[in-house]
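Let's take a walk through this fold, from its sheet to a couple of its serines and on to a pocket. Keep the model open as you read.

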Amino acid sequence: MDLSQIKGVGPSVIQKLEKLNIFKPIDLLYHFPSRYVDRRKELKIADLILINDDSYHSIGIIKKLSTFRIPGGRTMSNGSIEDDTGEIKVQWFNNPYVQSNYKIGEKVIFSGKPEKGKITNPKILKFREDEDLNLFARIEATYPETRGL
């Protein structure tokens, strides 16, 4: 069987798959993650200064949030999240949805690599007590570059 026989896989997708050394459908089964991120460990914001990766999750309240345009027509969103131990700045580039999806005072669960008291492009979700924390606090596979697939 050829990749082009798979529904939805055309010439442009085949080109992208070939860059990942995927030439046949069987190759998809052997396309393994390049790493795993374990976000099961919960950390308080004050503890984030002790780490330099994103293998954790934290729960906090959005304290500040603003979005504005930067040169080139892109957007930047800045804000801060706090818990009972401290506050950390957060920043997203070219993600205008942040301002419309999250509100000041809202409880969120987040993760990202802290650098110099700030997390750039953190993973973030609204925290709901009735939802399973395992939707976020889990081991997550990270695959090699697959942009456009």
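A quick word on naming: helices (H or I, at least four residues) and strands (E, at least two) are DSSP runs, numbered from the N terminus. What you have here is a predicted model, where local features need pLDDT of at least 70, side-chain atom pairs count only at pLDDT 80 or more, and totals for chains, interfaces and linings use all residues. Residues are numbered from 1 along each chain as its sequence is written, and side-chain values use heavy atoms, with hydrogens and water left out.

Start with the sheet. Seven strands make up an open sheet with mixed pairing, and their order is E6-E7-E4-E3-E2-E5-E8. Two strands count as paired if DSSP finds at least two bridges between them. At the edges stand E6 and strand E8 (123-126), each with a single partner strand, so one side of each has no neighbour in the sheet. As a reminder, strands of a sheet pair through backbone hydrogen bonds, either parallel or antiparallel.

Now go across it from the E8 end. Strand E5 (residues 107-111) runs antiparallel to E8, with four bridges joining them, and you can find Phe110 opposite Ile124 of E8. Phe110 turns up again on the way to E2: it is the bridge partner in E5 of Ser58. Strand E2 (residues 58-70) and E5 are antiparallel too, joined by four bridges.

Next comes the pairing of E2 with E3, antiparallel over nine bridges, with Ile62 opposite Ile81 in E3. These two strands form a hairpin with three residues between them, and there Gly72 takes a positive phi near 95 degrees. Strand E3 (residues 74-83) goes on to pair with E4, again in the antiparallel sense, through eight bridges. Look for Met76 opposite Phe93 in E4. E3 and E4 form a hairpin as well, with two residues between them. Then the sense switches: E4 and strand E7 (residues 118-120) run parallel, joined by three bridges, and Lys89 has Lys118 as its bridge partner in E7.

While you're on E3, stop at two serines, Ser77 and Ser80. Ser77 has 0% relative accessibility, so it counts as buried (under 20% relative accessible area with a 1.4 Å probe, protein chains only; exposed is over 50%, partly exposed in between). Its side chain makes a polar contact with the side chain of Thr67 at 2.7 Å. Such a contact is a pair of N or O atoms within 3.5 Å; within protein, one must be able to donate a hydrogen and the other to accept it, and residues adjacent in sequence count only if both atoms are side-chain atoms. Leaving aside neighbours within four places in sequence, Ser77 is in contact (heavy atoms within 4.5 Å) with residues including Ser66, Thr67, Val90 and Trp92. Ser80, at 3% relative accessibility, is buried as well. Not counting residues up to four places away in sequence, Ser80 touches Ile61, Ile62, Lys63, Lys64, Glu87, Ile88, Lys89 and Val90.

Finally, which strand gives the most to the lining of the largest pocket? That's E4, with three residues. A pocket, on a 1 Å grid over the protein atoms alone, is an open set of points where a 1.4 Å probe fits, with protein on both sides within 12 Å along at least five of seven lines; lining residues have an atom within 4 Å of a point. Among the lining residues are Glu87, Ile88, Lys89, Pro114 and Glu115.
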